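Below are some comments for a colleague who is about to work with this model. They are set out as numbered points, to be read next to the coordinates.

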Amino acid sequence: MHYEVIMYLSHLVCVFNKVKGMMKFMNAYDSKYWKHGSNITVEQFCSYVMQQIPKDAVFYVCGSSSISLHFSPDGNIFSVDCDSLSDLPEYEECSIGEITSGAVS
């Protein structure tokens, strides 16, 4: 139950950040890059981005340039989120690492 509440709140934060980001920057998006994916792999995602998106483009998630990465080895699931999800029990007594050029610390 706690997990569902956190996921719902995370979704609300993403929606809020998306609206806030759109209002703040009023980006005009190019429709040729408008894509949808379902159950795509990290390889498919990276391949598309490396081939189609300029390497110096700033990476936004839910309208925010602040991102958090999550990986579940058991589920083999990688998540890019606009929320740190720091309230999850698996992150208790941990501090979030920083993405640096070339590596994650």
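**Notes on the model**

1. Phe 45 has a relative accessible area of 35% and is therefore classed as partly exposed, in a model that is predicted. The structure holds one aromatic pair. Phe 45 forms this pair with Phe 59, in a tilted arrangement with 6.3 Å from centre to centre and 50° between the planes. The pair links distant parts of the chain, since Phe 45 belongs to helix α2 (residues 42-52) while Phe 59 sits in the loop between α2 and β1 (68-72), 14 residues apart. Phe 59 is also partly exposed, because its relative accessible area is 39%. The label "tilted" follows from the angle, because planes under 30 degrees apart would count as stacked and planes over 60 as edge-to-face.

2. How far can the predicted coordinates be read, in terms of the average pLDDT of the protein chain? The average is 84, and 71% of the residues score at least 70. Confidence is highest in α2, at 95, and lowest in strand β4 (residues 103-104), where the mean is 55. Helix α2 is also the element that carries Phe 45 of the aromatic pair.

3. The secondary structure of the protein chain consists of two helices and four strands, and the elements follow one another from the N terminus in the order α-α-β-β-β-β. Of the contacts in the chain with a separation of 6 or more, 36% are between residues 24 or more positions apart.

4. On burial and surface, the protein chain has 105 residues, of which 12% are buried. The chain exposes about 9,000 Å², and 59% of that area is supplied by carbon and sulfur atoms. A nonpolar surface patch of about 450 Å² is formed by Val 42, Leu 69, Phe 71, Phe 78 and Ile 99. Phe 78, one of the residues in that patch, is found in strand β2 (residues 77-81), and its relative accessible area of 39% is the reason why Phe 78 is classed as partly exposed.

5. Is Ser 68, in strand β1, buried or exposed? With a relative accessibility of 7%, Ser 68 counts as buried, because the cut-off for that class is under 20%. When its neighbours within four places in sequence are left aside, Ser 68 is in contact with Ser 79, Val 80, Asp 81, Asp 83, Ser 84 and Ile 96.

6. Cys 82 is placed in the loop between β2 and β3 (99-100), and its relative accessibility of 12% means that it counts as buried. Cys 82 and Tyr 60 are 22 residues apart in sequence, and their C-alpha atoms are 8.4 Å apart in space.

7. Which backbone angle deserves a check at Leu 85 and at Glu 93? Leu 85 has a positive phi of about 55° although it is not a glycine, and Glu 93, likewise not a glycine, has a positive phi of about 60°. Leu 85 lies in the loop between β2 and β3, and Glu 93 is found in that loop as well. Their surroundings contrast: Leu 85 is buried, with a relative accessible area of 8%, whereas Glu 93 is exposed, with a relative accessible area of 84%.

8. Tyr 91 is another residue of the loop between β2 and β3, and at 27% relative accessibility Tyr 91 counts as partly exposed. Apart from its neighbours within four places in sequence, Tyr 91 is in contact with Leu 69, His 70, Ser 84, Leu 85 and Ser 86. Among these contacts, Leu 85 is the residue with a positive phi of about 55°, and Leu 69 is one of the residues that make the nonpolar surface patch. Ser 84 is in contact with Tyr 91 and appears among the contacts of Ser 68 too.

Note on methods
Residues are numbered from 1 along each chain as its sequence is written. This is a predicted model: local features need pLDDT of at least 70, side-chain atom pairs count only at pLDDT 80 or more; totals for chains, interfaces and linings use all residues. Side-chain values use heavy atoms; hydrogens and water are left out. Patches are made of residues with over 30% relative accessible area and no salt bridge: like charges are joined within 9 Å, nonpolar side chains (Val, Leu, Ile, Met, Phe, Trp, Tyr) within 5 Å. Accessible areas come from the Shrake-Rupley method with a 1.4 Å probe; for residues, only the protein chains shown count as cover. A salt bridge is a side-chain nitrogen of Lys or Arg within 4 Å of a carboxyl oxygen of Asp or Glu. Buried means under 20% relative accessible area, exposed over 50%, partly exposed in between (1.4 Å probe, protein chains only). Rings of Phe, Tyr and Trp (its six-membered ring) pair if their centres lie within 6.5 Å; planes under 30 degrees apart count as stacked, over 60 as edge-to-face and the rest as tilted. pLDDT is the predictor's confidence in each residue, from 0 to 100. Contact means heavy atoms within 4.5 Å.
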